[in-house]
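User: Please take me through this model and explain why each descriptive term is applied.

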Amino acid sequence: LTILLITALISFNLTLTAQEVKFGKVSKQELQEKVYPLDSTASAAILYKKRTSHFEYTDGEGFTLITKVHKRIKIYTKEGLEWAKETVPAFQTHGSRETVGIKAYTFNLEKGKIIKEKLKSKSIFKERESENWTNFKFTMPNARAGSIVEWQYTITSPFASNINDVIFQYKIPVKKVDVKISIPQYYTFKYLPTFYYPIHVQTSKENRTLS
């Protein structure tokens, strides 16, 4: 059986730049930056955040929601080290649960060379918050003032009707946010924006086949 699937694509852009940001690769210029250009008092800044959510279909199981988040943060001061840690919540109920996969790196500039250190799996801790929520927590290794920390995680969820909130605004500056949510025709979600600054939203549709 082959069916035609129509997917609605919703893209949100807080700031648009032509430069492509690749996970796991930072520049010396980013590491040499001493203060955030638009706010010299910032202890840290989110240089880049990308969030995608899409649905995959499995025969016999239906749709699964896949959410991927890529975040790159520059630490300017010791006070900014609180941004060198992250908590990823995962939901579970009635025998079904979300799974989480995490990759992360710390970058430092030493004697003119970029030193890249990987977050080890043993440094990712699972903390049971409640009957339904488990938090995956980690703190980046060797993070210090001047470091760039970067992580990428994927949440695979059987709860296809629940898309997590998209967060644009933080206590520290955000240079670029790029969000793309792809929704199959079988679902209808209500867009509920709550923000101070306007965000440019683009919508489109594309066809693909499922066998």
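Strands and their pairing

User: What joins strand E8 to strand E9?

Analyst: A hairpin of four residues leads from E8 to E9. The model is a predicted one, in which local features require pLDDT of at least 70 and side-chain atom pairs pLDDT 80 or more, while totals for chains, interfaces and linings use all residues. Residues are numbered from 1 along each chain as its sequence is written, and side-chain values use heavy atoms, without hydrogens or water.

User: How do you know that E8 and E9 pair?

Analyst: A strand is a DSSP run of E with at least two residues, numbered from the N terminus, and two strands pair if DSSP finds at least two bridges between them. E8 (residues 125-128) and E9 (residues 133-139) have four bridges, in the antiparallel sense, so they meet the criterion for pairing. Within this pair, Lys-126 stands opposite Phe-136.

User: What makes E5 and E8 edge strands?

Analyst: The open sheet of four strands has the order E5-E4-E9-E8, with antiparallel pairing. E5 (96-97) and E8 each pair on one side only, which makes them the edges. Further in, E4 (residues 85-93) and E9 share seven antiparallel bridges, with Glu-86 of E4 partnered by Phe-138 of E9.

User: In which sense does E2 pair with E3, and in which with E11?

Analyst: E2 (residues 44-58) runs antiparallel to E3, joined by 14 bridges, and Ala-45 stands opposite Lys-74 in E3. A hairpin with three residues between the strands links E2 and E3, and Gly-60 in the turn has a positive phi of about 95 degrees. With E11 (residues 177-184), E2 pairs in the parallel sense over five bridges; there Arg-51 has Val-179 as its bridge partner.

User: Why is Glu-150 called buried?

Analyst: Buried means under 20% relative accessible area, exposed over 50%, and partly exposed in between (1.4 Å probe, protein chains only). Glu-150, in strand E10, has a value of 0%, and is therefore buried.

User: What makes the links from Glu-150 to His-70 and Arg-72 polar contacts?

Analyst: The term requires a pair of N or O atoms within 3.5 Å; within protein, one must be able to donate a hydrogen and the other to accept it, and residues adjacent in sequence count only through side-chain atoms on both sides. The side chain of Glu-150 reaches that of His-70 at 2.6 Å and that of Arg-72 at 2.8 Å.

User: How are Lys-111 and Asn-142 classed by accessibility?

Analyst: Lys-111, in the loop between E6 and E7, is exposed because its relative accessibility is 86%. Asn-142, in the loop between E9 and E10, is partly exposed because its value is 46%. Lys-111 has a positive phi of about 55 degrees although it is not a glycine, and Asn-142 likewise has a positive phi of about 55 degrees without being a glycine.

User: What makes a space in this structure a cavity?

Analyst: On a 1 Å grid over the protein atoms alone, a cavity is a set of points where a 1.4 Å probe fits but cannot get out, and its lining residues have an atom within 4 Å of a point. The structure holds one cavity of 30 Å³ or more, and the largest contains about 50 Å³ of space. Its lining includes Leu-65, Glu-98 and Asn-162, and strands E3 (62-75) and E10 (148-157) each supply at least two lining residues.

Terms used. On a 1 Å grid over the protein atoms alone, a cavity is a set of points where a 1.4 Å probe fits but cannot get out, and a pocket is an open set with protein on both sides within 12 Å along at least five of seven lines; lining residues have an atom within 4 Å of a point. Grid points are joined across faces, edges and corners, and a volume is the space filled by probe spheres set on the points.
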